[in-house]
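Here is a short walk through one protein model, from its overall layout to its strands, its cores and its pocket. Keep the viewer open as you read.

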Amino acid sequence: MATDLSFVQYLCDQLQGAGPISYRKMFGEYALYCGSKVVALVCDNQLFIKPTPGGRAVLGTSAEAPPYPGAKPYFLIQDQIEDREWMTQLLRVTASELPEPKPKKPRKPAKK
């Protein structure tokens, strides 16, 4: 089952307090960004937050599951999606602990 765009937009609205939130369609599902960092995946209308030590401290005991077959486990957020303040805190902590993305190498011009 694919993720509904309206669900992704709802999540982005819930998380606006964490910083500049955006999304990008990837592999039929969605990646959520906080600034330039991928902080979460949305797959099958479920929110998966990248695991970090700070995120684990905010979550306490949490469910973990792979967002897609063969993936490493992420934090699976279910009941707390409605809690905007809590979600914002979790995303801020997670984004602060993730490294900046590596700069992309410039493309070489095509040979004629």
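The protein chain holds three helices and six strands. Please bear in mind that this is a predicted model. Reading from the N terminus, the elements follow the order α-β-β-β-β-α-β-β-α. Measured out along the principal axes, the C-alpha atoms fill a box of roughly 55 × 30 × 30 Å. Of the 112 residues in the protein chain, 40% are buried. If you like contact maps, take the contacts with a separation of 6 or more: residues 24 or more positions apart account for 53% of them.

**Strand pairing**

The table sets out three of the strand pairs, each with one pair of facing residues.

| Strands | Sense | Bridges | Facing residues |
|---|---|---|---|
| β1 (residues 21-26) and β2 | antiparallel | six bridges | Y23 and L32 |
| β4 and β6 | antiparallel | three bridges | L47 and I77 |
| β5 (residues 64-65) and β6 | antiparallel | two bridges | E64 and F75 |

β6 thus appears with two partners, pairing with β4 and with β5. The hairpin of β1 and β2 has two residues between the strands, and F27 in this hairpin takes a positive phi near 55°.

**The nonpolar cores**

In soluble globular proteins, nonpolar side chains tend to be buried together. Here the largest nonpolar core has 26 residues, and the ones touching the most other members are L32, V42, L47, I49 and I77. Two or more residues come from each of α1 (5-14), β2, β3, β4 (46-49), α2 (53-59), β6 (74-77) and α3 (84-97). The top contributor to this core is α3, with five residues.

Which residues does L47 touch, not counting those up to four places away in sequence? They are L11, L32, A40, L41, V42, F75, L76, I77, I81 and M87. I77 is also the residue that L47 stands opposite in β6. There is a second, separate core of eight residues, with A31, L41, F48 and Y74 among them.

**A buried loop residue**

L15 is a good one to click on next. This residue sits in the loop between α1 and β1. Is L15 buried or exposed? Its relative accessible area is 1%, and since buried means under 20%, L15 counts as buried. Beyond its neighbours within four places in sequence, L15 contacts I21, L32, M87, T88 and L91. L32 is one of the residues that touch the most other members of the largest nonpolar core. For a sense of scale, L15 and S36 are 21 residues apart in sequence and 15 Å apart in space, C-alpha to C-alpha.

**The largest pocket**

How much space lies in the largest pocket? The volume comes to about 420 Å³. Its lining has 20 residues, and M26, A31, V38, L41 and Y74 lie nearest the centre. Three of these names may look familiar: A31, L41 and Y74 are also included in the second core. Both β2 (29-34) and β3 (37-43) supply at least two residues each to the lining. By chemical class, the lining residues divide into 14 nonpolar, one polar and five charged.

Methods
Residues are numbered from 1 along each chain as its sequence is written. This is a predicted model: local features need pLDDT of at least 70, side-chain atom pairs count only at pLDDT 80 or more; totals for chains, interfaces and linings use all residues. Side-chain values use heavy atoms; hydrogens and water are left out. On a 1 Å grid over the protein atoms alone, a cavity is a set of points where a 1.4 Å probe fits but cannot get out, and a pocket is an open set with protein on both sides within 12 Å along at least five of seven lines; lining residues have an atom within 4 Å of a point. Grid points are joined across faces, edges and corners, and a volume is the space filled by probe spheres set on the points. Helices (H or I, at least four residues) and strands (E, at least two) are DSSP runs, numbered from the N terminus. Ala, Val, Leu, Ile, Met, Phe, Trp, Tyr, Cys and Pro count as nonpolar, Asp, Glu, Lys and Arg as charged, and the others, Gly among them, as polar. Two strands pair if DSSP finds at least two bridges between them. A nonpolar core is a set of buried Ala, Val, Leu, Ile, Met, Phe, Trp, Tyr and Cys residues joined through side-chain atoms within 4.5 Å. Buried means under 20% relative accessible area, exposed over 50%, partly exposed in between (1.4 Å probe, protein chains only). Contact means heavy atoms within 4.5 Å.
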